[in-house]
Amino acid sequence: MVARYELIADELRSEILSGAHPVGAHLPSESELAARYGAARGTVRQAVAVLAAEGLVGSRQGARRIVLGNARSQSFAELHSFAQWARANGHRYGGLMINQRRRPPTPAEAARLGPGEVLDVLRVRTLEDEPVLLERTAYAEWIAPVVEELPPDCESVTQALYESAGVVFAYGEHLIDAVPASAQDARLLGVRRGSPLLRQRRVTTTHEGRPVECSDDRYRAGSVAFSIRNSIGANPLVRHTGDLRFGA
C-alpha cells in the first residue's frame, strides 16, 4: 500500500513538472497543504522532504519551500539504480542489452572486483522511450553466471539480481565528470560525436563488502540532473584533481 505522504508528493511533483508551480515560486505552506489534503502536518512535511531530496524544492526549514526546478533529478542521499529511481518518480523506462562477453579484467578492475574473468555488458537505458543512458558494466566473476541468464530487455538488473540470487547492492562509490561522446556513444544515444555526456563511474558492493560490479555510465546531456545535499555539519563530498581512484 502506498503511503499517504508518497501520494501527496506524487501530486505536488506533477504540479511542479507541469509548471503549475513555476521555478522561483513558493509552495503553499505546510498548514495550507495539510488543509488541502486533510492530512497531518507531519505527513505533509514528509512529502515535501521527498521533493527536496529530488532537488525540486528548497530544503530550508521554517519557511515556505521555493521551487528550484523541474528537471529530472536523482539524489545520492540513498543508493538507487536507474530503474528504481525512474519507477519511484513515475517515469516510463526501459533497457536493452546491446552485447555481453567474458574477458580478462583490466588491472584496475582486478583491484576492485578481485581475480577471475569479468562479464562485460553494454546496455542502453530509455526514459519516456528516449535513449538517455549507456551502461558499460563489468561484473565480478562470482555473479557473472546470474547476470548472463537475465533477459536482454531486463528493466532492472538490481531488482532481478535480488530476486534471483538475493544480492543486495548496499554500498556505492561514485565519481562524476564530463566526457565527449565516442562514435558508439553518439550512435546509441542519438547525439553528435563529441557531444558532452555526464559520466558516472561507480563501484558497488554487498553489505559484506563483496564487490559486485564496476560501471561507466554515460548520460545524454539534459536527460537527468544529480542532486547532493550537504551542510556545514555533515559534508560527505570530496573533490579530486584528475582520476585518483578509478582506472581505465
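## Overall make-up

Eight helices and eight strands make up this chain, and the model you are looking at is a predicted one. The chain runs to 248 residues, of which 42% count as buried. Its accessible surface comes to about 13100 Å², and carbon and sulfur atoms account for 53% of that area.

How are the contacts spread along the sequence? Taking contacts between residues at least 6 apart in sequence, 62% join residues at least 24 apart.

## The largest nonpolar core

A good place to start exploring is the largest nonpolar core, which has 17 residues. Ile16, Leu51 and Val57 have the most contacts inside this core. Three helices each give two or more residues to the core: H1 (4–18), H2 (30–37) and H3 (41–53). Which of them supplies the largest share? That is H3, with five residues. As general background, nonpolar side chains in soluble globular proteins tend to be buried together.

Leu51 is worth clicking on. Setting aside neighbours within four places in sequence, Leu51 is in contact with Ala9, Leu12, Arg13, Ile16, Leu56 and Val57. Apart from this core lies another one, of 14 residues, and among its members are Val121, Tyr139, Ala144 and Cys154.

## Helices H1 and H2

Now look at how H1 and H2 meet. Their axes are 12 Å apart, and the two helices pack at an angle of about 110°. An angle from 65 to 115 degrees counts as roughly perpendicular, so H1 and H2 are roughly perpendicular to each other. On the H1 side, the contact is made by Arg4, Ile8, Glu11, Leu12 and Glu15. On the H2 side, Leu33, Arg36 and Tyr37 take part.

Which residues of H2 are buried? They are Glu30, Leu33, Ala34 and Tyr37. These residues cover an arc of only 105° around the axis, so they sit on the same side of H2. The general geometry helps here: an α-helix has 3.6 residues a turn, so residues three or four places apart point the same way. Just after H2, Gly38 takes a positive phi of about 60°.

## The loop between H3 and E1

Val57 lies in the loop between H3 and strand E1. Is Val57 buried or exposed? Val57 has a relative accessible area of 0%, so it counts as buried. Val57 is also one of the residues with the most contacts inside the largest core. Val57 and Val23 are 34 residues apart in sequence, yet their C-alpha atoms are 8.9 Å apart in space.

Ile66 lies in the loop between H3 and E1 (73–75). With 36% relative accessibility, Ile66 counts as partly exposed, whereas Val57 is buried. Ile66 and Val23 are 43 residues apart in sequence and 7.7 Å apart from C-alpha to C-alpha. Not counting residues up to four places away in sequence, Ile66 touches Gly24, Ala25, His26, Leu56, Val57 and Gly58.

## Helix H7 and its partners

Further along the chain, helix H7 spans residues 157–165. Its buried residues are Val157, Thr158, Ala160 and Leu161. Seen down the axis of H7, these residues fall within an arc of 165°, so they line one face of the helix.

What do the buried residues of H7 pack against? Their partners are two helices, H4 (82–88) and H6 (144–148), together with two strands, E3 (118–127) and E4 (130–139). Just after H7, Gly166 takes a positive phi of about 70°.

## The loop between E3 and E4

Two residues in the loop between E3 and E4 deserve a look at their backbone. Glu128 lies in this loop and has a positive phi of about 55°, although it is not a glycine. Asp129 lies there too, with a positive phi of about 70°, and it is not a glycine either.

How accessible are these two residues? Glu128 has 26% relative accessibility and so counts as partly exposed. Asp129, with a relative accessible area of 57%, is exposed; the cut-off for that is over 50%.

Methods. Residues are numbered from 1 along each chain as its sequence is written. This is a predicted model: local features need pLDDT of at least 70, side-chain atom pairs count only at pLDDT 80 or more; totals for chains, interfaces and linings use all residues. Side-chain values use heavy atoms; hydrogens and water are left out. Buried means under 20% relative accessible area, exposed over 50%, partly exposed in between (1.4 Å probe, protein chains only). Helices (H or I, at least four residues) and strands (E, at least two) are DSSP runs, numbered from the N terminus. The arc is that of the directions from the helix axis to the C-beta atoms. Contact means heavy atoms within 4.5 Å. Accessible areas come from the Shrake-Rupley method with a 1.4 Å probe; for residues, only the protein chains shown count as cover. A nonpolar core is a set of buried Ala, Val, Leu, Ile, Met, Phe, Trp, Tyr and Cys residues joined through side-chain atoms within 4.5 Å. Axes are lines fitted to C-alpha atoms, for helices over the stretch in contact, and angles run from 0 to 180 degrees between N-to-C directions. Angles under 35 degrees count as roughly parallel, over 145 as roughly antiparallel, 65 to 115 as roughly perpendicular and the rest as oblique.
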